[in-house]
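Trainee: Could we go through this one together, starting with the open spaces and then moving on to the helices?

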Amino acid sequence: MRIACLGGGPAGLYFAISMKLRDSAHDVHVFERNRADDTFGWGVVFSDQTVENLMANDAQSGATIRDEFAHWDDIDVHIHGQTIRSSGHGFIGIGRKRLLNILQERARELGVQLHFEQEASADLADWADYDLVVAADGANSRIRDRYQAHIGVDTQARRNKFFWFGTPKAFEAFTFAFEKTAAGWIWAHAYRFDDDCSTFIVEMDPATWAGLGFDRMSQQEAIALCETIFAKYLDGAPLMSNATHLPGPQAWLIFRRIKCDTWHHRNLILLGDAAHTAHFSIGSGTKLALEDAIKLAEVLNRPGLGREAALAEYQAERNLEVLKLQNSARNSTEWFETLDRYLHFEPIQFAYSLLTRSQRVSHENLRLRDKAWLEGVERWFQSKAAGKPVNEAAPPMFAPFRLRGMEVANRVVVSPMAMYSAVDGCPNDFHLVHYGARAQGGAGILYTEMTCVSAEGRITPGCTGIYTPEQVAAWTRIVDFVHTSSTARFCLQLGHSGPKGSTKVGWEGYDVPLESGNWPVMAASDVRWSPDNQVPRPMARADMDAVRDQFVAAVRMGLEAGFDMIELHAAHGYLLSSFITPLTNKRTDDYGGSLENRLRFPLEVFRAMRDAWPAERPMSVRISANDWMGDAGVTPNEAVEIGRAFVEAGADLIDVSAGQTWADCQPIYGRMFQTPFADQVRNEGRLTTMAVGNIYEPDHVNSILAAGRADLVALARPHLIDPSWTLRAAASQDYRRVAVPPPYLGGMAQLARNLQREAELKA
């Protein structure tokens, strides 16, 4: 094949090398508009796995690159006058210019034709003599943009400003340095890539950038100011720019995340940053490009594989890897863009939050990297929870917690889960076994399913209620068993189904109306949940008064039954949620319109409940922090204000869920996908929060807590299949000071031994 590679960076050069290695008869040309020794980056960071991939693809260039890597294990985080160092991270780096030189030499040796200082046409017609045209010309690819209507380019511009400097100081650790200025916070990402040079990226938000005057400075003025701000880290070494051809403000960049629907069009194929980008804070752009090049060369040379099938496999496999990294990069980018949330953290927790920001590094991963450091984090967390020094390094999930006068043994919560197994709202033996088993399973707090405050407030005929003396008696039996057989605290979640009521039980169809025996439903407005559901009656003032009084009566019954805590369900499209979200609240009176008005009735209900509940006992509120409908619905920013409003009304905990408020919402699912909302509500609102949503491993729980993303962690489905999830988590972490029912002590000890033996065999 005759191939034109547009772009002489690592992507284009390595693809050319990979093609010639597989078939020396390929006629491969690389076109680069700059000179051979021009480069606009400083250092490149790789992982050990990337080096293994390079060695497997081309041992000669791989060995050359490997032998010239700078290696380091430590990360230093400088914040609030302290330096937090952790080790075992295993970074390797090389200068971008040296990497290009190695690849250029190898390409020439294999017979690749290199053309420098030659501007490549963006018109495929000008490349008619070539079988393939490979766009390896980076994020600003001209030929990709020329054909973007066929490719489907999705570009998202991020907000922070950054400048990619170099410095002759060789940092001994990967360094994050955070400095406060009169205009705001500014920080550096610095790492060594050879014996006498380091990358030094300076980043800040746009307001700080403008406030410091960078929008008006020449490059030399900008460099001088950055040298002053970071003088104590540079030790007199200068900062250097290799973008001196640009005016000062233009040398500052913003990151653009790029995704493409398809990576090829006719004989054009996208490679590396031309097809996708990942934020520099996870250091994976060059890694992705090189691995793209290996895969593309492999499929194009596989015997019997046609071009269309080859390109389909190339995109399918590589796009999956790209999406994983882009998701991690998004988390990392957002951490730096919302830095103000975490600046009140103590330095050790700030460093932990920084290290785990992408969710690629977890609590147990940090233990593998630096056990002593992580145990220091665990001792700090336990000491903070206990209010006194604690010498034992224990998992954060087993730290105690306090809500008003209620002491909680640990941070694990059995989340509310609808069982649809009540008869006329009355819990029965199923519920006794269900809640009793999970209470004995070791969790700190046990929640009831949404328990309805009236017969009309039920979601389904199988939902529990607390509005009759018989129901109070049934709940009392369950509460007494929980209290006498475990250390778990028991929370009664109260709610009213509103527009989502009068439907079948869950396993007969989610939100499917009853075939007969329906009862009327009501809501903030006459907006039905779906075309199949009833049109709800808009609530009049008399309806509001009646519902408020039903919630108050339910609180008093909950007190009679002996519950330790009450939660108000104001999420998921149920009655109170129908007031909060503008998607269903179309009222024009004092209860509709602004967020303040939309919160008016839910707050009236909550204040009345708080007045009826003992002052020493806590109350929480579940909210939907994101309607997943863009600015048309509740947004995470509004969720902070919603949380604050309920706390001002007396709530002690905000249970942060999301969605289920609109049938056509577009949620973005994934591991711990709702935790960012708990993080934002907690750290912007300075509120106590509980995280929930696809959290299923002890590692998830510990990471969320230690990073300060939530104060409690609720797990639903894991507790469905394993009532003793918390005891199993304790055994897996060799934590012995968890409450185990005496009859089960022998099984707990055996489980701990078995898990320890499995871990040793894996090691």
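Mentor: Yes, bearing in mind that this is a predicted model. The lining of the second largest pocket divides by class into 16 nonpolar, 18 polar and 16 charged residues.

Trainee: What volume does the second largest pocket have?

Mentor: Its volume is about 1500 Å³, and of the 50 residues that line this pocket, those closest to its centre are Asn 327, Arg 330, Asn 331, Glu 334 and Pro 676.

Trainee: And which element gives the largest share of that lining?

Mentor: That is α11, which contributes 13 residues; β15 (256-260), α11 (307-337), α21 and α22 each supply at least two residues of the lining.

Trainee: How do α21 and α22 cross, then?

Mentor: The axes of α21 (residues 636-648) and α22 (residues 675-685) come within 9 Å and cross at roughly 55°, and the two helices are therefore oblique to each other. The crossing of α21 past α22 is right-handed.

Trainee: Which residues make the contact?

Mentor: On the α21 side they are Pro 636, Asn 637, Ala 639, Val 640 and Arg 644, and on the α22 side Phe 677, Gln 680, Val 681, Glu 684 and Gly 685. By class, the residues of this contact are five nonpolar, three polar and two charged.

Trainee: Switching to α16 and α17, what is the angle there?

Mentor: The axes of α16 (residues 469-485) and α17 (residues 541-561) cross at roughly 45° and come within 8 Å, which makes α16 oblique to α17. This crossing is right-handed, and in the contact Val 472, Trp 475, Thr 476 and Val 479 of α16 meet Met 557, Glu 560 and Ala 561 of α17. Five of the residues in that contact are nonpolar, one is polar and one is charged.

Trainee: Now the enclosed spaces: how many cavities of 30 Å³ or more are there?

Mentor: The count comes to six. The largest cavity holds about 80 Å³ of space, and its lining has four nonpolar, five polar and three charged residues, among them Arg 671, Asp 699, His 700 and Arg 709.

Trainee: And what lines the second largest cavity?

Mentor: That cavity, with about 50 Å³ of space, is lined by Ala 570, Ser 577, Ile 580, Thr 581, Ile 623, Ser 624, Asp 627, Val 634, Ile 642 and Thr 661. Both α18 (575-580) and β27 (619-624) supply at least two residues each, and by class the lining has five nonpolar, four polar and one charged residues.

Conventions:
Residues numbered from 1 in each chain as written. Predicted model: local features only at pLDDT ≥ 70, side-chain atom pairs only at ≥ 80, totals over all residues. Heavy atoms only, no water. Axes fitted to C-alpha atoms, helices over the stretch in contact; angles between N-to-C directions. Helix = DSSP H or I, 4+ residues; strand = E, 2+ residues; numbered from the N terminus. Parallel < 35°, antiparallel > 145°, perpendicular 65-115°, else oblique. Left-handed = near helix turned anticlockwise from the far one by under 90°. Contact = heavy atoms within 4.5 Å. Nonpolar A, V, L, I, M, F, W, Y, C, P; charged D, E, K, R; others polar. 1 Å grid on protein atoms, 1.4 Å probe; cavity = no way out; pocket = protein on both sides within 12 Å on 5 of 7 lines; lining within 4 Å. Points joined across faces, edges and corners; volume = space filled by probe spheres on them.
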